[in-house]
Amino acid sequence: MIKRPYKADIYSAGIILFNFLMGHMPFYEDKKLMGQDMYTVLTQKPEKFWILHQQKAPGKIVPEEFKVLFQAMVHPNPKERPSIAEIRTSSWFNRETYTAKELKEVIKGALSQKR
């Protein structure tokens, strides 16, 4: 296990987690999302960032604990980003998860909705 991951890896992991949760990217380097520079919105008006993303993905529920963790992981100052150990102690990371059987049912339901 890597003991000191680079802070860019923490940033990248935050982007991946967001994509898993929301089904789309939080922001792009070369274009605007919904007419907004979403990284600037995130750093200046985080509540607006989350409102816009909820509009893009209606029905998705974003736990407050995830918002806090994501914002920390993509903090503009790499020195302010959490370590792996800090991420592992976050309330979002330690939330209750599905059993294998429950997860199978959730995936089956999601796949049947896409057809």
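This protein chain has six helices and zero strands, so if you walk along the sequence you meet the pattern α-α-α-α-α-α. Keep in mind that you're looking at a predicted model. Here's a tour, starting with the whole chain and then stopping at a few residues.

**The whole chain**

- The C-alpha trace spans about 40 × 40 × 25 Å along its principal axes.
- The chain has 115 residues, and 25% of them count as buried.
- Its accessible surface adds up to about 8500 Å², and carbon and sulfur atoms account for 56% of that.
- Take the contacts between residues at least 6 apart in sequence: 52% of them join residues at least 24 apart.

**Helix α4 and its neighbours**

- Which residues of α4 are buried? They are Phe66, Lys67, Leu69, Phe70 and Met73.
- The buried residues of α4 pack against four other helices, namely α1 (7-22), α2 (38-44), α3 and α5.
- Lys67 may catch your eye in that list, since it's a charged residue; its relative accessibility is 16%, and it counts as buried because the cut-off is under 20%.

**Salt bridges**

- How many salt bridges does the model have? The count comes to two.
- One of them joins the side chains of Lys67 and Glu64, with 3.0 Å from N to O.
- Both of these partners sit in helix α4, three residues apart, which is about one turn of the helix.
- The two ends of this bridge sit in unlike surroundings: Lys67 is buried at 16% relative accessibility, while Glu64 is exposed at 52%.
- Another salt bridge links the side chains of Lys108 and Glu105, at 3.9 Å from N to O.
- Lys108 and Glu105 are separated by about one helical turn because they're three residues apart in helix α6.
- Here both ends are partly exposed: Lys108 has 48% relative accessibility and Glu105 has 45%.

**Arg81, a buried charge**

- You'll find Arg81 in the loop between α4 (64-73) and α5 (84-88).
- What is the nearest side chain of opposite charge to Arg81, and how far away is it? It's Asp9, 8.9 Å away.
- Arg81 has no salt bridge even though it's buried; a salt bridge needs the two atoms within 4 Å, so 8.9 Å doesn't qualify.
- What Arg81 does have is a polar side-chain atom 2.8 Å from the backbone oxygen of His75.
- Leaving out residues up to four places away in sequence, Arg81 touches a set of residues that includes Lys7, Ala8, Ile10, Tyr11, Met73 and Glu86.

**Two aromatic residues in one loop**

- Trp92 lies in the loop between α5 and α6, and Phe93 is found there too.
- Are these two buried or partly exposed? Trp92 is buried, with a relative accessible area of 11%, whereas Phe93 is partly exposed at 40%.
- Beyond residues up to four places away in sequence, Trp92 touches Leu17, Pro63, Glu65, Phe66 and Leu69.
- Counting in the same way, Phe93 is in contact with Ile87 and Arg88.
- Phe93 and Leu69 are 24 residues apart along the chain, yet their C-alpha atoms are separated by 8.7 Å.
- For Trp92 and Pro46, 46 residues apart in sequence, the C-alpha to C-alpha distance is 18 Å.

**Out on the surface**

- Tyr98, Leu103, Val106, Ile107 and Leu111 form a nonpolar patch on the surface, and together they have about 460 Å² of accessible area.
- One member of the patch, Ile107, sits in helix α6 (residues 100-114).
- Ile107 has 44% relative accessibility and so counts as partly exposed.
- Where is Gly59? Look in the loop between α3 (46-56) and α4.
- Gly59 has a relative accessible area of 73%, so it counts as exposed, a label that takes over 50%.
- Gly59 and the buried Arg81 are 22 residues apart in sequence, and their C-alpha atoms are 29 Å apart in space.

Technical notes. Residues are numbered from 1 along each chain as its sequence is written. This is a predicted model: local features need pLDDT of at least 70, side-chain atom pairs count only at pLDDT 80 or more; totals for chains, interfaces and linings use all residues. Side-chain values use heavy atoms; hydrogens and water are left out. Buried means under 20% relative accessible area, exposed over 50%, partly exposed in between (1.4 Å probe, protein chains only). A polar contact is a pair of N or O atoms within 3.5 Å; within protein, one must be able to donate a hydrogen and the other to accept it, and residues adjacent in sequence count only if both atoms are side-chain atoms. Contact means heavy atoms within 4.5 Å. Patches are made of residues with over 30% relative accessible area and no salt bridge: like charges are joined within 9 Å, nonpolar side chains (Val, Leu, Ile, Met, Phe, Trp, Tyr) within 5 Å. Accessible areas come from the Shrake-Rupley method with a 1.4 Å probe; for residues, only the protein chains shown count as cover.
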